[in-house]
Amino acid sequence: MSKVVSLYLSLVRFISAELTRGYFLEHNEAKYTERRERVYTCLRIPKELEKLMMFGFFLCLDVFLYVFTLLPLRVLLALIRLLTLPCCGLSGSRILQPAQVCDVLKGFIMVLCYFMMHYVDYSMMYHLIRGQSVIKLYIIYNMLEVADRLFSSFGQDILDALYWTATEPKERKRAHIGVIPHFFMAVLYVFLHAILIMVQATTLNVAFNSHNKSLLTIMMSNNFVEIKGSVFKKFEKNNLFQMSNSDIKERFTNYTLLLIVCLRNMEQFSWNPDHLWVLFPDVCMVIASEIAVDVVKHAFITKFNDITADVYSEYRASLAFDLVSSRQKNAYTDYSDSVSRRMGFIPLPLALLLIRVVTSSVKIQGSLSIVCVVLFYLGMITLKVLNSIVLLGKSCMYVKEANMEEKLFQNPPSAAPSRGSSRTHRTKHTREPSAEEGMSASVTTQPTQRDECPAPQIPTSESDQFLTTPDESEEKSLIQVDTELKHGAPKKDLLEIDRFTICGNRID
């Protein structure tokens, strides 16, 4: 009996202890503060991410509008200079400036590819894709996305090789196959990439016009598969920067593809505005799913890798730095090419496809149509100029907030094997302009040609100083250096990261 009573009392004490047991969270204040900051970081991600996405979207829009507005005018000015050259005579050593040569090459590539695109039948391609099964189309669309990334990575190298081959100083020893082979390689690349994007747009058009919308649903679910492939992986700061640039490029490309789909559908329905409202829910669904996937993906990547939301302001400053540096006197690349390298967004194939679709969808007949086209072109120029002015002002503000003004006046990285040594051995006696002088210097001034940079000094290794066996401390330093070399190069600065730079043993 006593055992039963004691068991009952012990059970009562246990239940009483469980009901009245307490604890104090302040005993582990650091842990709970960290958890709260993670929640706040996840809540800040949508706002900071969309600010970066909006800024990057308008950067891509600025580059895209440049192909339609200022590039034809720059090509026209370069051709006028060539035609008036016999009358004016040579005023310098170059017939055309390097930037003008690149503009003319871009113009010729666009013209040749435009005439080649006339031999591609969009209607036949549409019916050929429409006759395929849903699963086959889903596989084709995924293959097209992979092929688009591969084309973008190699295509910008082809264009850069063409520009450098055409503008390389003639005094140097020839180490290339010639301008004409590079030119035809660039024409073939732009043509094939434009066809690839056309197949993507056609597949998306088939998904919009399917009766049960099953293909569109599957294609949208493919975005959520991207979360599974990205969230549960180790990410560094540079990898996240690459992924952010990829998301910006993907969002702008998808919006352009949606515009092409709407144009083709409106043409088929004789530009009936009622049909636009039929397409509107599907367009909103695609855009909403794209935004939701980006927000969820970035929120959990930053959570699992302990990355703060302030990193997106650094990314924005890095993109702004490209825009500001392209306006400096020591600029070494055009801004459109800089965006292509940074984000993997090459505007020429996409612009070529849009021109092909618009010219085949819109018929110009009569003087009134010509006047409308001229007014539309002037409106695009106005939009381009206003967008450039606003972006330049915002970029200067972002660069100043990030304290990156001094980097604007540093020499561009040379092609030497060791980048770190070229920074270390840079001369200290040259006076660099202050930040205020540089920012106040006109960003519209023409870039000046630099003198040839002196050959970079060869970095000497610490092991070259040893004539005998090193002591214990020196041996430890050598082992540490050797370990760093085995495990990889030091982390790169954000300004050195483009879309296809390998960071952390992979490209995101």
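In this predicted model, the span of residues 179-199 is 100% helix and 0% strand, and its end C-alpha atoms lie 30 Å apart. This span is one of those that UniProt lists, in an unreviewed entry, under "transmembrane region"; the others in that list are residues 108-129, 345-362 and 368-392. For residues 345-362, the helix content is 83% and the strand content 0%, with a distance of 27 Å between the end C-alpha atoms.

The wider setting may be described next. The protein chain contains 18 helices and zero strands. Of its 508 residues, 39% are buried. Among the contacts in the chain with a separation of 6 or more, 85% are between residues 24 or more positions apart.

Residue 179 also begins helix H8, which covers residues 179-209 and has helix H10, residues 237-268, as a partner: their axes come within 9 Å and cross at roughly 60°. An angle of 65 to 115 degrees would count as roughly perpendicular, and one under 35 degrees as roughly parallel; H8 and H10 are therefore oblique to each other. The crossing in which H8 passes H10 is right-handed. On the H8 side, the residues that meet H10 are Ile197, Gln200, Ala201, Leu204, Asn205, Phe208 and Asn209, and their counterparts in H10 are Leu257, Leu258, Ile260, Val261, Arg264 and Asn265. By type, the residues of this contact comprise eight nonpolar, four polar and one charged.

Beyond H10, the chain enters the loop between H10 and helix H11 (273-304), where Trp271 lies. Trp271 has a relative accessibility of 39% and so counts as partly exposed, since that class falls between under 20% for buried and over 50% for exposed. The phi angle of Trp271 is near 55°, a positive value in a residue other than glycine. Leaving aside residues up to four places away in sequence, Trp271 touches Leu263, Met266, Ser361 and Val362. Of these, Ser361 is 90 residues from Trp271 along the chain, yet the two C-alpha atoms are separated by 9.9 Å. Ser361 and Val362 also bring the account back to the span 345-362 of the UniProt list.

A further loop, between H11 and helix H12 (311-325), holds Asp306. For Asp306, too, phi is near 55°, which is a positive value in a residue other than glycine. Is Asp306 buried or exposed? Its relative accessible area is 53%, and Asp306 is therefore exposed, the cut-off for that class being over 50%.

The final stop is Val339, which lies in helix H13, residues 335-343. With a relative accessible area of 4%, Val339 is buried, because this value falls under the limit of 20%. Which residues does Val339 touch, not counting those up to four places away in sequence? They are Val63, Gly344 and Phe345. Val339 may also be compared in position with Leu323: these two residues are 16 apart in sequence, and their C-alpha atoms are 8.6 Å apart in space.

Conventions. Residues numbered from 1 in each chain as written. Predicted model: local features only at pLDDT ≥ 70, side-chain atom pairs only at ≥ 80, totals over all residues. Heavy atoms only, no water. Axes fitted to C-alpha atoms, helices over the stretch in contact; angles between N-to-C directions. Helix = DSSP H or I, 4+ residues; strand = E, 2+ residues; numbered from the N terminus. Parallel < 35°, antiparallel > 145°, perpendicular 65-115°, else oblique. Left-handed = near helix turned anticlockwise from the far one by under 90°. Contact = heavy atoms within 4.5 Å. Nonpolar A, V, L, I, M, F, W, Y, C, P; charged D, E, K, R; others polar. Buried < 20%, exposed > 50% of the residue type's maximum accessible area, 1.4 Å probe, protein only. UniProt positions renumbered as here; feature names shortened; annotations may be inferred.
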